[in-house]
Amino acid sequence: MITVTVTRENGEPVGFHVSGHANMGEYGEDLVCAAVSAIVQTAILGITEVCHIPAGVSIEEGDTTCILSKDATEDEIRRANIVLNTMIAGLRSIQSSYPKTLKFRNKEV
């Protein structure tokens, strides 16, 4: 199962941690894992490369983390929230199609 932990500050997303595997196919052929990876990596690129928002990012096999920098401005946080909420919507869509593969948690900081 893939676990998505959304880090929130005052209810708004400021980062996430994604870990685990969907186990819906052979390694390298799991469509759910591929879809989750694509959405998560696109969100990271949206935050860091498109919006140029400072964030701590760690990507390892089956384990990805992205947390906005404490130095991020209010405007950067607002723009990152749009990207993060879009990522969450995409992942929830996968969850609705494959409910036994994804679970969500929230972590307030």
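**Core, pocket and a charge over a ring**

In this predicted model, the largest nonpolar core is made up of 28 residues, and those with the most contacts inside it are I2, F16, V36, V40, I47 and L91. Two or more residues are given to this core by each of the elements β1 (2-9), β2 (12-20), α1 (31-50), β4 (63-68), α2 (74-97) and β5 (102-108). In soluble globular proteins, nonpolar side chains tend to be buried together. For I2, when residues up to four places away in sequence are not counted, the residues touched are V18, S19, G20, H21, A22, C33, V36, T101, L102 and K103.

The largest pocket has a volume of about 450 Å³, and of the 24 residues that line this pocket, the closest to its centre are G20, H21, C33, S37 and G62. Two or more lining residues come from each of β2, α1, β3 (55-60) and β4, with the largest share, six residues, being given by α1. Among the residues closest to the pocket centre, G20, H21 and C33 are also among those touched by I2.

As regards aromatic rings, the count of aromatic pairs comes to zero; a ring is nevertheless involved in an arrangement with a charge, since the charged end of R92 sits over the ring of F104, at 3.9 Å from the centre of that ring. R92 lies in helix α2, and F104 is 12 residues apart from R92 along the chain, with 8.6 Å separating the C-alpha atoms of the two residues. Because its relative accessibility is 37%, which falls between the limits of 20% for buried and 50% for exposed, R92 counts as partly exposed.

Terms used
Residues are numbered from 1 along each chain as its sequence is written. This is a predicted model: local features need pLDDT of at least 70, side-chain atom pairs count only at pLDDT 80 or more; totals for chains, interfaces and linings use all residues. Side-chain values use heavy atoms; hydrogens and water are left out. A nonpolar core is a set of buried Ala, Val, Leu, Ile, Met, Phe, Trp, Tyr and Cys residues joined through side-chain atoms within 4.5 Å. Buried means under 20% relative accessible area, exposed over 50%, partly exposed in between (1.4 Å probe, protein chains only). Helices (H or I, at least four residues) and strands (E, at least two) are DSSP runs, numbered from the N terminus. Contact means heavy atoms within 4.5 Å. Rings of Phe, Tyr and Trp (its six-membered ring) pair if their centres lie within 6.5 Å; planes under 30 degrees apart count as stacked, over 60 as edge-to-face and the rest as tilted. A charge sits over a ring if NZ of Lys or CZ of Arg is within 6 Å of the ring centre and within 35 degrees of the ring normal. On a 1 Å grid over the protein atoms alone, a cavity is a set of points where a 1.4 Å probe fits but cannot get out, and a pocket is an open set with protein on both sides within 12 Å along at least five of seven lines; lining residues have an atom within 4 Å of a point. Grid points are joined across faces, edges and corners, and a volume is the space filled by probe spheres set on the points.
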